[in-house]
Structure formats: structure tokens, C-alpha cells
Amino acid sequence: MYSFSGKIKLVAILSMVVGLLGIGYSFIAAPSTVEALGVPAGGDAAHAEHVLQLLKNKPWAALYVAALFFMLISLGVLAFYAINRAAQAGWAPILFRVMEGITGYLPVGALIFFVLLVLSGLHLNHLFIWMDPQVVAHDTVIQGKTAYLNVPFFLIRTAIYLLGWIGYRQITRRLSKAQDQASDNRPFVKAFKWSAGFLVFFLVTESMMSWDWIMGLDPHWFSTLFGWYVFSSFITASIAALILVTITLKGQGYLEHVNDSHLHDLAKYLFGFSIFWAYLWFSQYMLYWYSNIPEEVTYFITRLNDFEPVVLGMLAINFLLPLLILVDSDIKRKPWVIGIMSVVILAGHYLDFYNMIMPATVGDQWSIGIGEIGSVVFFFGLFTYVTFLTLTKVPLIEKRHPLMGESEHFHY
Amino acid sequence: MNKKVVQAIYNDDDVLLDAVKKVRGVNLKIEEVYTPFPVHGLDEAMGLKHTRLAIASFIYGCIGLVVAVLMMKYIMIDDWPRNIGGKPNFTYIDNLPAFIPVMFEMTIFFAAHLMVISFYMRSKLYPYKKAENPDPRTTDDHFLMEVESTGNEQELVKFLEETGAIEVKIADKKAIEI
């Protein structure tokens, strides 16, 4: 059994408190009237109103990015878990309980995220412009999409995705615990079938979730490979998070049989998914850049004009760095290199989500200030707390998983 | 002068691995081991150095990337910068996305082909090369270990028979023909 270390608990609680203070401050400090902006008299009133709306969105958008990012990390680990169960991977079972620990955050994160979406639906913010009836009244493009983009259907869809994911998580968790007590392999076989079914459900809902929660912020723009692109981004971040939790547990003296070959495998996934992410990013960017159709290319023009350091920075962090560092086989076995790379890649993929969401919500008024950092710190604390709390609930190694022997002696 | 070697033939790879470890344990020099398929852990048991092919391949990939960049920079930007469908051709960076597919493929092409050629050169493989295996059975289901003779061949033969060899013979070390 894992016992929650006091140090991690302290860091997690401290992060939550500091993060909450930051979030609270950012909401209080956001201007509520045009006068508060300090616009010189005689300035363009329409422009001042536009800027005000962007600034009012800022704390909401900061919260939204962080809530979505940490929930998707948890979801990515769940997908990785399902893949390894469905593929009957021989190396992975030793890490299944660690993955289950991380996916313990999914119900919590999903609830917070759902509440955020409901608040958007109640017009407490302007994250989704298609939710504003005044905007829709003057926008024929959005009017054509209202059959899909309307608040009740949006929230129902969201609830179906979230309940489906959480349902799979709870079912396999129960089957995994049942397998410990069982006298045959029936729970294991059931978990295998559920995982295969979940992967089908996941691929459909993952794609739709990326249209709803991210592409929906830019209702005038559409991209066909967007779902895959979002998936590649958060699965990479998930592997990084899994590596960090594994290294932490190993460093505390748990996970006796996890060796550098398991780490090497995880690092290969981190490397491979980073390259996969870059491939999808480039495939999306290059096709828009090459054909340069005005109504579609604006998505990238606003990003390259207003967010140049974010775009170039995340490309360097998420592609060049793993390409040059994680390519070496010996380095992939060194916990400290992999640990640092995981932290850096997590930051890089946060920037990726930042870059997907911010241009549509706050435009050129973006900055990475107290609101953004506070949100990340708060969700980091919550994520860490829930993850490590879930890890204390059951033994860290499954007792009679059929492939456990192979996993314990895994050597690459 | 012909050097003598002792050839021990095994019919199981686990026995072979044990024998390799025993032979190395008493400080005898293994000249060569012939196997019909890769035996996992054999290189480690023999104490062979790691291959550097991967490092060579990385360097070849870098060369390929440079070749692609210089080629397209010269052709598309410096030599004849025509306006083709409105693509920006003022600098290489301006038109970079259009060049990346070629840069990628050239990197892979150089890395893969030069690495394969390096492998052939280092392992001296080419068409019409004379096969070197001392016993044709080593390409089917037998494993052969060649141990350098210490002078007292009878004793060595006895030692190798004890390691599980099904057959041990003394042979002249063939000079490798090229």
C-alpha cells in the first residue's frame, strides 16, 4: 500500500491555496467597465468595448485552459490504459495502478469543467461567441450551425462524453480490484472487452469533444484533422505526467519491480507521440498555409501575428527538444533527464492548448500573468492531491494479473 | 603459418550461451560464433562492443537535411526566384513550409541508405562474396563456436565437450578471403 507522503500533500494543498488566491485576484482585477480601462476621451468607443470584452474573458479563459488541460491529461492516461489493456501489453501491467491513480482525477476534473461550461451557457462569460444570441442574430455563418451549436445540445453532448469516460474508468477500476480477489481470469477478460469497447467510444467522443470545447471557440473556422491534433497533444502530456508520477513513486521506494526498461518504454512513447504531435501540427498548418484560402487561414494569421512567441516556443519545446534529446537510447533510461523533459513537455503542451484557446477568447490582450499561472498552479495542486490520494486506496501492484510476471521481468 | 582453432558445435542456443560464458570465464579467446539466427544476449555474453551504426545514421540524416536545404535554397531562392502561384520566395524561411516535405524525405533517405551501405561495408557484404561459414549446418539448426587454440588442443577439446558440444573438431583457421 502507498502512504500519502506529507511533502507531496503539503505541496498539493499549498498549490491549491496559492492558485485559488491567484484566480480570485485575476477575477477581481479584471476591468468591468470601459472607464476602468483608462481610454482617453474621444477614443474609439467600439474599439474600447471590444477590448473590454477581451479583458473580461481573460480570467475565465485562463481557468478554462487549465481545467481542460489537466482533465485531458487524466483522459489521455485513461486512453493509454485502455490501449495497453486491449493490446494485452506485457510490459505495462506493473504501471496499471499508477495509471488508475492518475485517472482518479477524471471525475473531479470533469465535474469542474462541466460547471465551467454550464456557467458559459448561463452567459456569465463570453468564451463561446455562438452562445451570445445578439452575435448569432447578426451572423449568418453561425446561424447555419445552430442545429449543432446550441446550449442544450452542447451540454447534453458534453455530459455523454464525460459520463462515458468516467463510467469506463470506474468499471475497469472495479474489475481490476475484483481480479485481485478472483480465482480465475474472468474480471481480466471483462476488462479487456470493456477496454476494446471504450476505445471505439473514445475515438468518436474525443473527436467531437475537440470540435465542441476547442474548435467551437472559433465558430467561423473548421479543420478536419483537429480531433487527432488535440489527441496527439494531450496524449503526449499524459505520458509525461505518467512518467513524473512513476519516477516520484519509484524515488520514494515504492514500485520495486519498475526498472529502467519500463522507463525506457515510457520515454519512447513520449518521444514517439511528440513527433506524432509535430506531424499533425505541421500537416494542419501547411495545408492552410499552402492553399491560403482567406476565410480559413485567418486562424493561423491571428496566431502567428499576435502569438508568435507562443507558437515558436511550443514548436521548439514540443518537437525540437524531444527530437534532439530523447533520440538517444541511453538517455531514455536516466530518470532525471526523462523527468526534466516531462516537465518541459508538459509546459509545452500547456502552451499548445493556450494557443488553441486564447486567440479566440482574449485575442491580442493575452499575457501569462497571475490569472494564468494561478489557474495552472491550482489545478496542478488538485491533480496531484487527487492522484496521490487515489494511489493510497489500493496496492500499487495488481496481485494476479495474468501478465504481471512478464511485466515484472520486463527487460528491453 | 596456419593457426589452429577448435570448433565446437552445439544444437541448442541456451547451451551455446552457457558455453560462451564458461569459455570466457576461463579466459579463452573466442574467435567467432556462427548461428543460424540471432541469439538474444549473445553479443553481451561474448563481450562485444555496442554498434555505432545508430550514431552514424544520425550524422547521415543531418547531412541529408543540409543537402536538401542547400539545394532548395539555391534553386528556389537564389538562382531563379520566380513567382509560382504567389508563394513567397524572398527568403528561405518565407517559403519554409513548402520545403519541409522534401527536407524530411531527404533526411530519411540519407539516414537509411547510407546506414545500410555502412553496414555492408563494415560487415564486408557484397554480391559474389565467398561464403565464410565453416560448417553448412550453422545456417540451418546448429551453432558453432570457434575458440583460439592454446597449444594444448586435446585439453581444449575435452573442456569444450564438457560444455555440452555435440561435436568438437580441430581445424585450420581460414584466412578470410576477400
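A salt bridge here is a side-chain nitrogen of Lys or Arg within 4 Å of a carboxyl oxygen of Asp or Glu. By that rule, zero salt bridges cross the interface of chain A and chain B. Please keep in mind as you read that this is a predicted model.

## Where the two chains meet

Let us stay with the interface for a moment. Chain A brings seven residues to the contact, and chain B brings nine. Between them the two chains bury about 670 Å², with 82% of that area on carbon and sulfur atoms. On the chain A side, A:Phe282, A:Trp289 and A:Tyr290 are the residues to look at: they supply 66% of the area that chain A buries against chain B, more than any other three residues.

## Salt bridges in the structure

Side chains of opposite charge can pair when their charged atoms come close. Over all chains, the structure holds 15 salt bridges. Three of them, from chain A, are set out below.

| Salt bridge | Closest N and O atoms |
|---|---|
| A:Glu372 with A:Lys58 | 3.9 Å |
| A:Glu398 with A:Arg85 | 3.5 Å |
| A:Arg97 with A:Asp180 | 3.3 Å |

Take the pair of A:Glu372 and A:Lys58, whose closest N and O atoms are 3.9 Å apart. This pair links distant parts of the chain, with A:Glu372 in helix 14 (residues 370-391) and A:Lys58 in helix 2 (residues 45-86), 314 residues apart. A:Glu372 counts as buried because its relative accessibility is 3%. A:Lys58 also counts as buried, at 15% relative accessibility.

Helix 2 of chain A turns up again in the next pair. A:Glu398 forms a salt bridge with A:Arg85. Here A:Arg85 is the partner in helix 2, while A:Glu398 sits in the loop between helix 14 and helix 15 (404-408) of chain A, and the two are 313 residues apart. A:Glu398 has a relative accessible area of 2%, so this residue is buried. A:Arg85, at 5% relative accessibility, counts as buried as well.

The remaining pair in the table joins A:Arg97 to A:Asp180. A:Arg97 lies in helix 3 (residues 96-103) of chain A and A:Asp180 in helix 7 (residues 151-181) of chain A, so the pair ties together parts that are 83 residues apart in sequence. Both A:Arg97 and A:Asp180 are buried. They also belong to something wider: salt bridges with shared partners join A:Arg97, A:Glu100, A:Arg173 and A:Asp180 into one network.

## A bent helix in chain A

Helix 11 of chain A covers residues 294-306, which is 13 residues. From its first C-alpha to its last the helix reaches 18 Å, close to the 18 Å expected at 1.5 Å a residue. Where does helix 11 bend? The bend is at A:Phe300, by about 30°.

A:Phe300 is also one of the buried residues of helix 11, alongside A:Glu296, A:Val297, A:Tyr299 and A:Arg303. What covers these buried residues includes helix 9 (226-251), helix 10 (260-291), helix 12 (308-325) and helix 13 (335-361) of chain A.

Helix 10 of chain A is worth a second look, as it also holds A:Tyr269. Leaving aside neighbours within four places in sequence, A:Tyr269 is in contact with A:Phe80, A:Trp91 and A:Ile239. A:Tyr269 counts as partly exposed because its relative accessibility is 28%.

## A strand pair in chain B

Over in chain B, strand 2 (residues 30-34) is mostly covered, with four of its five residues buried. Strand 2 pairs with strand 3 (residues 143-148) of chain B in the antiparallel sense, over four bridges. To find your way into this pairing, start at B:Val33, whose bridge partner in strand 3 is B:Met145.

## Two residues with positive phi

Most residues other than glycine have a negative phi. A:His123 has a positive phi, near 65°. It lies in the loop between helix 4 (105-121) and helix 5 (133-137) of chain A. With a relative accessible area of 44%, A:His123 is partly exposed.

Chain B has B:Tyr128, which is not a glycine yet has a positive phi of about 65°. Its place is the loop between helix 4 (96-122) and strand 3 of chain B. Is B:Tyr128 buried or exposed? At 85% relative accessibility, B:Tyr128 counts as exposed.

Methods:
Residues are numbered from 1 along each chain as its sequence is written. Chains are lettered from A and ligands numbered from 1 in the order in which they are written. This is a predicted model: local features need pLDDT of at least 70, side-chain atom pairs count only at pLDDT 80 or more; totals for chains, interfaces and linings use all residues. Side-chain values use heavy atoms; hydrogens and water are left out. The expected span of a helix is 1.5 Å times one less than its number of residues. The bend at a residue is the angle between axes fitted to the seven residues ending there and the seven starting there. Buried means under 20% relative accessible area, exposed over 50%, partly exposed in between (1.4 Å probe, protein chains only). Contact means heavy atoms within 4.5 Å. Two strands pair if DSSP finds at least two bridges between them. Buried area is the accessible area (1.4 Å probe) that two parts lose on being put together, summed over both.
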